[in-house]
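Welcome! Work through the exercises below with the sequence and the model open beside you, and try each task before reading its solution.

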Amino acid sequence: MTSDPSVSPDRPSDAVPLPAPAEPSAVTPTPPTPPTPSMPESAVKFTRAAALWSALIAGFVILILLLVFIMQNTDSATVHFFGWDWNLPVGVALLLAAVCGGLLTVAAGSARIIQLRRAAKRNLKAGL
């Protein structure tokens, strides 16, 4: 062991000694950093018309993909439903099934929205 206070078990004796800590009065305060310039606001705002155009473009892309899907799946398939029989192209049958599933989802979502609106009206009347 050595009596040198700068030597510790973690630092070997041949290491460079650590500098003495500065006195608190000798520490110079760091100048405040200037705020970073933020991006200027765009002069063009997001509008409902812009959202409509985006939705129209997305809708047309989906429509084109669906038309290609239907044109490539023209083999006839027999659909049986509660005793009724139809002969439809496979693409049309799958599209019809997807539309029916979407309508069921909309019906369930609409029922839940109506339920929540009624509960909100009841709570609003009870609070007043």
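The accessible surface of this protein is about 12100 Å², and carbon and sulfur atoms account for 69% of that area. Keep in mind that the model is predicted.

**Exercise 1. The overall layout**

Find how many helices and strands the protein has, and in what order the elements run.

*Solution.*
- Step 1: Count the elements. The protein has two helices and two strands.
- Step 2: Read from the N terminus on. The order is α-β-β-α.
- Step 3: Look at burial. Of the 128 residues, 2% count as buried, where buried means under 20% relative accessible area.
- Step 4: Turn to the contacts. Among those between residues at least 6 apart in sequence, 10% join residues at least 24 apart.

**Exercise 2. A nonpolar patch**

Decide whether Leu-63 is buried, partly exposed or exposed, and say which surface patch includes this residue.

*Solution.*
- Step 1: Locate the residue. Leu-63 sits in helix H1, which covers residues 48-72.
- Step 2: Take its relative accessible area, 42%. Partly exposed lies between the 20% and 50% cut-offs, so Leu-63 is partly exposed.
- Step 3: Find its partners. Leu-63 forms a nonpolar surface patch with Leu-52, Trp-53, Leu-56, Phe-60 and Leu-67. Together these residues have about 640 Å² of accessible area.

**Exercise 3. An unusual phi**

Work out what stands out about the phi of Phe-82.

*Solution.*
- Step 1: Place the residue. Phe-82 is in the loop between strand S1 (76-81) and strand S2 (84-89).
- Step 2: Recall the general rule. Most residues other than glycine have a negative phi.
- Step 3: Compare. Phe-82 is not a glycine, yet its phi is positive, about 50°.
- Step 4: Check its surroundings. Phe-82 has 74% relative accessibility, so it counts as exposed.

**Exercise 4. Two residues of helix H2**

Describe where Lys-121 and Val-92 lie and how accessible each one is.

*Solution.*
- Step 1: Both places are in helix H2, which spans residues 90-127.
- Step 2: Lys-121 has a relative accessible area of 59%, so it is exposed.
- Step 3: Lys-121 gathers with Arg-117, Arg-118, Arg-122 and Lys-125 in a surface patch of positive charge.
- Step 4: Val-92, at 31% relative accessibility, counts as partly exposed.
- Step 5: Finish with a distance. Val-92 and Ala-77 are 15 residues apart along the chain, and their C-alpha atoms are separated by 9.7 Å.

Definitions and conventions: Residues numbered from 1 in each chain as written. Predicted model: local features only at pLDDT ≥ 70, side-chain atom pairs only at ≥ 80, totals over all residues. Heavy atoms only, no water. Patch = residues over 30% accessible without salt bridge, like charges linked within 9 Å, V, L, I, M, F, W, Y side chains within 5 Å. Areas by Shrake-Rupley, 256 points an atom, 1.4 Å probe, with all protein chains shown as cover. Salt bridge = Lys/Arg side-chain N within 4 Å of Asp/Glu carboxyl O. Lys, Arg positive; Asp, Glu negative; His and termini not counted. Charge placed at Lys NZ, Arg CZ, Asp CG, Glu CD. Helix = DSSP H or I, 4+ residues; strand = E, 2+ residues; numbered from the N terminus. Buried < 20%, exposed > 50% of the residue type's maximum accessible area, 1.4 Å probe, protein only. Contact = heavy atoms within 4.5 Å.
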